[in-house]
Amino acid sequence: MTIEKLSDIEFGEELPVFDPDTGIPNITRFCEAAGWMGARFTDHEAAKKEGLPGALVPGIMSQGFLAAMIHRWAPNADIRNIDTVFRAPLLADQPAHINGVVTDIDEDTGEVEIDLTVTNDAGETRVFGTARAIIQA
Amino acid sequence: MILDLHAHSIKSDDGRAKVSNYCQWIRTKNIPIDGFVLTEHRQFDFESDYSELAAKNELVILKGAEVETEYGHVLVFGVTEALTGEFDFSNTHLKLADVIAACEKHGAVAVPCHPGRPRVGMHAHIDTYGIPEGVRIVETYNGGSRDNEDEIAQTMAEANGYLGIGGSDAHIVSHIGRCATRFNSDITSEEQLVAALKAEEFEAVTFREQNT
């Protein structure tokens, strides 16, 4: 179900979980499009040689996943801000699950605040943050 | 009574939660805690008064701090103006022994938090600095723990005879109450919290499965 207007939203409402494609081919396509190529994003062995646990999902790609999740839920949302804290690396080729939940609604301005959490299969938080978006009345 | 002893609000540099939204979340989602302690990073928040908000939501909202030492991060409960004069809360290179001594002098309690976490947890520094003197309590359930961090904390606590507390380490609204501490007595003030910790009548609890 998608959201069209502010009155459709309740405090505590959960957005549909989004499992983004963190595979190397998808990351490579993203890096090419963003002009941000780097072996640490596209090659596990090269990333390990840099001291990383494996190839990383680029941070800006993670933010793109978060924005995509919000727009899947509310296609007309005007996203004003996505603020993330990276607690642990988000690794390529490892399943990631993005959860979102509405934690504030300003009826006057139409702004909603959404808690965002990216977890792995073990339920451990890799990235968390908040987004602010305007939803039309 | 169950209190989440480790939470951050927008007063912390990496905190994203308004205290009022914590309250709304606890009540809307029926989170099984009676209140929480705001332990802002590297500071004590003297200016905020949450008494009205607490009363309105029938929750206990207390304040503490989270400071940084060579053994990692440490929660401080029972902060007073005099205690903040003993050491610089914003210093990221405090000595744990100094923090513990200052807390003892001013009737506060210092509790190493997420001790099983690499870099910012006490366990990671024991090989270098040895087992610290004066630690009685550590955080054995932390809502932000990954991998086997809580297990490391619990094993360390058992080996050294430490008592354990729980806290969510919430930085966003929906993480409040993931872990907490159950007390045998009612607590409505920082003084009562310190007394209950010193009485050693509490246990760490986790609600992570229910809340995630």
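Helices here are DSSP runs of H or I with at least four residues, and strands are runs of E with at least two. With that in place, let's look at chain B. Keep in mind that this is a predicted model.

Chain B has eight helices and nine strands. How compact is chain B? The radius of gyration is 16 Å, and the globule rule gives 17 Å for 212 residues. Those two values are close, so chain B is as compact as a globular protein of that length. As for dimensions, the C-alpha trace spans about 45 × 40 × 30 Å along its principal axes.

Now burial. Of the 212 residues in chain B, 59% count as buried. Next, contacts along the chain. Take the contacts in chain B with a separation of 6 or more: 74% of them come from residues 24 or more positions apart.

On to the surface. The accessible surface of chain B comes to about 8900 Å². Carbon and sulfur atoms hold 45% of that.

Charges next. Chain B carries 18 positive and 34 negative charges. How far apart are their mean positions? The answer is 6 Å.

Let's move to the partner, chain A. On the chain B side, 16 residues are in contact with 21 residues of chain A. Together the two chains bury about 1600 Å² between them, with 50% of it on carbon and sulfur atoms. Which three residues of chain B supply the most area here? They are Arg16(B), Arg146(B) and Ile172(B). This trio accounts for 36% of the area that chain B buries against chain A, more than any other three residues.

Last topic: backbone angles. Some background first. Most residues other than glycine have a negative phi. Two residues of chain B are worth a look on that score.

Start with Arg42(B). Its phi is positive, about 55°, although Arg42(B) is not a glycine. Where does Arg42(B) sit? Its place is in the loop between strand 2 (35-41) and helix 2 (51-57) of chain B. Is Arg42(B) buried or partly exposed? Its relative accessible area is 22%, and buried means under 20%, so Arg42(B) is partly exposed.

Then Asp169(B). This residue is not a glycine either, yet it has a positive phi of about 55°. Look for Asp169(B) in the loop between strand 7 (163-167) and strand 8 (179-183) of chain B. Relative accessibility is 8% for Asp169(B), so with the cut-off at 20% this residue counts as buried.

To close, back to those two loops: Arg42(B) is partly exposed, whereas Asp169(B) is buried.

Notes. Residues are numbered from 1 along each chain as its sequence is written. Chains are lettered from A and ligands numbered from 1 in the order in which they are written. This is a predicted model: local features need pLDDT of at least 70, side-chain atom pairs count only at pLDDT 80 or more; totals for chains, interfaces and linings use all residues. Side-chain values use heavy atoms; hydrogens and water are left out. The radius of gyration is taken over C-alpha atoms; the globule rule is 2.2 Å times the number of residues to the power 0.38. Buried means under 20% relative accessible area, exposed over 50%, partly exposed in between (1.4 Å probe, protein chains only). Contact means heavy atoms within 4.5 Å. Accessible areas come from the Shrake-Rupley method with a 1.4 Å probe; for residues, only the protein chains shown count as cover. Lys and Arg count as positive and Asp and Glu as negative; His and the chain ends are not counted. The place of a charge is taken as NZ of Lys, CZ of Arg, CG of Asp or CD of Glu. Buried area is the accessible area (1.4 Å probe) that two parts lose on being put together, summed over both.
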